[in-house]
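Student: Can we go through this one together, asking how each label is earned?

Tutor: Sure, have a look at it, and then ask away.

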Amino acid sequence: MDRHGPLSDDGLVTLLDRHGERLADPDWEPYVEHLTAEDLRGFWRDMTMTRAFDMEATSLQRQGELGLWVPALGQEAAQIGSGRAIREPDYVFPSYREHGVAFTRGVDLPQILTLFRGLEHGSWDPAAHSFHLYTLVIGAHSLHATGYAMAMDRDGLVASGNPDADGAVVCYYGDGATSQGDVNEAHIFAAVNDAPIVFFVQNNQFAISEPTTRQAKVPLARRADGVGIPSVRVDGNDVLASYAVTQWALKHARSGAGPVLIEAFTYRMGAHTTSDDPTRYRTRADEEHWAQRDPIARLEAYLLKHGELSDEFRAEVEAEAKALGKRTREAVKSWERPPLLTMFDHVYAEPHQQVEAERAWFDRYQRSFTDEGAHA
Ligand SMILES: Cc1ncc(C[n+]2csc(CCOP(=O)(O)OP(=O)(O)O)c2C)c(N)n1
């Protein structure tokens, strides 16, 4: 392993190794010592549910029910660990692969699929879940997130004197996004304005077919050095470590000390999307290497070793996952195509003159194809 390049495992925070052995790290212990066996089982459940939903969505795409699907396979620990460290009034800006984080924010997972069936931009209420809609334009949301964080500060939600009431933003994007202008601008803007934001980079080692080695000469976390943002590299397949570093980063940001960048080093076990064939750009040996580091298996090994994963609990989660799969299939198949005019809804929070004018024009245009319109 190259000790200096972007795939180095140097300095990765790890609290649970790939065999499920707990590693002691006095620096990070304070961020996990309160977790009970029930909490850890909860992490395992969250990851298992996320994966079950993911597999279901892939099947639905293969059956022609979805236009596209973006699997999060292999990234469950990075997402559940960080997601479980987020609380009110924090606010999340995801990209498009954060199904695990969505789950921790209480989004009903089938709702995500309205986007992938081409019906809506996502049908959850961002305010109700403190979880913004997905963004397909790589990195664009990093600027929105930075502005939102600065507004949270101005609204008195940061360093208020009551740490339990403070909040910060968490913005998720991938390794490829770190090459984007928008993301670098967001880093600079956040740094010089001490914006309360945690940039959470899931380095899954590929931007579609472009490997991280073609995006950087150094670990991605070091991008933060150049703009004066503290950063940490974490084993993204370790749910405990992902939770610990996000706890720390959020505490830092909520206290008014400014942004943090987390690089979660992980691996996309599936395809980039259902339109992609990863065998064209990576080897079977690589996939096998990372299969040995499966984030769910790692926590499962730990729990089993400590007698904390009973057959009853596993059966319960299995049944829950099955029910979610069934509900997802039924929901997707029941969705009707919405009237085209709904595309003008939710553009702004309040009615807007220009949008209303465009809606009226489109309405007339649509009617021109009917008998009623043709004779008007
Ligand atoms: C601005 C922009 N450029 C290009 C694309 C096409 N595109 C979609 S996903 C992707 C790769 C993104 O990789 P990364 O940031 O590592 O995230 P990942 O998909 O691996 O989670 C690209 C280039 C896009 N959606 N938006």
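**How the labels are earned**

Student: Why is D276 called buried?

Tutor: D276 has a relative accessibility of 16%, and buried means under 20%, so D276 counts as buried. Keep in mind that this is a predicted model.

Student: D276 is in a salt bridge with R268. What makes that pair a salt bridge?

Tutor: The N to O distance between the side chains of D276 and R268 is 3.7 Å. The cut-off is within 4 Å, so the pair passes.

Student: Is R268 buried or exposed, and how do you know that?

Tutor: R268 has a relative accessible area of 1%. That falls under 20%, so R268 is buried.

Student: How many salt bridges does the structure hold?

Tutor: There are 24. One of them joins the side chains of E320 and R45, at 2.6 Å from N to O. In that pair, E320 sits in helix α11 (residues 311–334) and R45 in helix α1 (residues 37–62). They are 275 residues apart, so the pair links distant parts of the chain.

Student: Why can such side chains pair at all?

Tutor: Side chains of opposite charge can pair when their charged atoms come close.

Student: Why are E320 and R45 called partly exposed?

Tutor: Partly exposed is the range between under 20% and over 50%. E320 has 29% relative accessibility and R45 has a relative accessible area of 23%, so both get that label.

Student: Which residues are linked in a network of salt bridges?

Tutor: R45, D46, R84 and E320 are linked that way.

Student: What makes R284 and E288 a salt bridge, and where do they lie?

Tutor: Their side chains meet at 3.7 Å, N to O, and the limit is within 4 Å, so the pair counts. R284 and E288 both lie in helix α9 (residues 284–291). They are four residues apart there, which is about one turn of the helix.

Student: How do you know which labels R284 and E288 get for exposure?

Tutor: Check each value. R284 has a relative accessible area of 55%, and exposed means over 50%, so R284 is exposed. E288 has 42% relative accessibility, so E288 counts as partly exposed.

Student: Why is helix α2 called mostly covered?

Tutor: Helix α2 covers residues 76–83, and eight of its eight residues are buried. Among them are E76, Q79, I80 and S82.

Student: What is special about the peptide bond from E88 to P89?

Tutor: The bond from E88 to P89 is cis, with omega near 0 degrees. Most peptide bonds are trans. You'll find P89 in the loop between α2 and β1 (91–93).

Student: What is notable about the phi of S130?

Tutor: S130 has a positive phi of about 50 degrees although it is not a glycine. Most residues other than glycine have a negative phi. S130 lies in the loop between α5 (126–129) and α6 (140–154). With 5% relative accessibility, S130 counts as buried.

Student: What about the phi of H346, and is H346 buried or exposed?

Tutor: H346 also has a positive phi, near 65 degrees. H346 is in the loop between α11 and α12. The relative accessible area of H346 is 77%, and the line for exposed is over 50%, so H346 is exposed.

Student: How do you know that F369 is exposed?

Tutor: F369 has 62% relative accessibility, and exposed means over 50%, so the label fits. F369 lies in the loop between α12 (353–367) and α13 (371–374). Together with W361 and Y365, F369 forms a nonpolar patch on the surface, with about 390 Å² of accessible area together.

Student: What makes N204 a polar contact of the ligand?

Tutor: A polar side-chain atom of N204 lies 2.9 Å from an oxygen atom of the ligand. A polar contact needs N or O atoms within 3.5 Å, so this pair qualifies. Taken alone, the ligand exposes 580 Å², and the protein buries 70% of that.

Student: Which residues are closest to the ligand?

Tutor: Of the 15 residues that surround the ligand, the closest are Y96, R97, L136, G176 and A177. For L136, a polar backbone atom is 2.8 Å from a nitrogen atom of the ligand.

Definitions and conventions. Residues are numbered from 1 along each chain as its sequence is written. This is a predicted model: local features need pLDDT of at least 70, side-chain atom pairs count only at pLDDT 80 or more; totals for chains, interfaces and linings use all residues. Side-chain values use heavy atoms; hydrogens and water are left out. Patches are made of residues with over 30% relative accessible area and no salt bridge: like charges are joined within 9 Å, nonpolar side chains (Val, Leu, Ile, Met, Phe, Trp, Tyr) within 5 Å. Accessible areas come from the Shrake-Rupley method with a 1.4 Å probe; for residues, only the protein chains shown count as cover. Helices (H or I, at least four residues) and strands (E, at least two) are DSSP runs, numbered from the N terminus. Buried means under 20% relative accessible area, exposed over 50%, partly exposed in between (1.4 Å probe, protein chains only). A residue is near a molecule or strand if one of its heavy atoms lies within 4 Å of it. A polar contact is a pair of N or O atoms within 3.5 Å; within protein, one must be able to donate a hydrogen and the other to accept it, and residues adjacent in sequence count only if both atoms are side-chain atoms.
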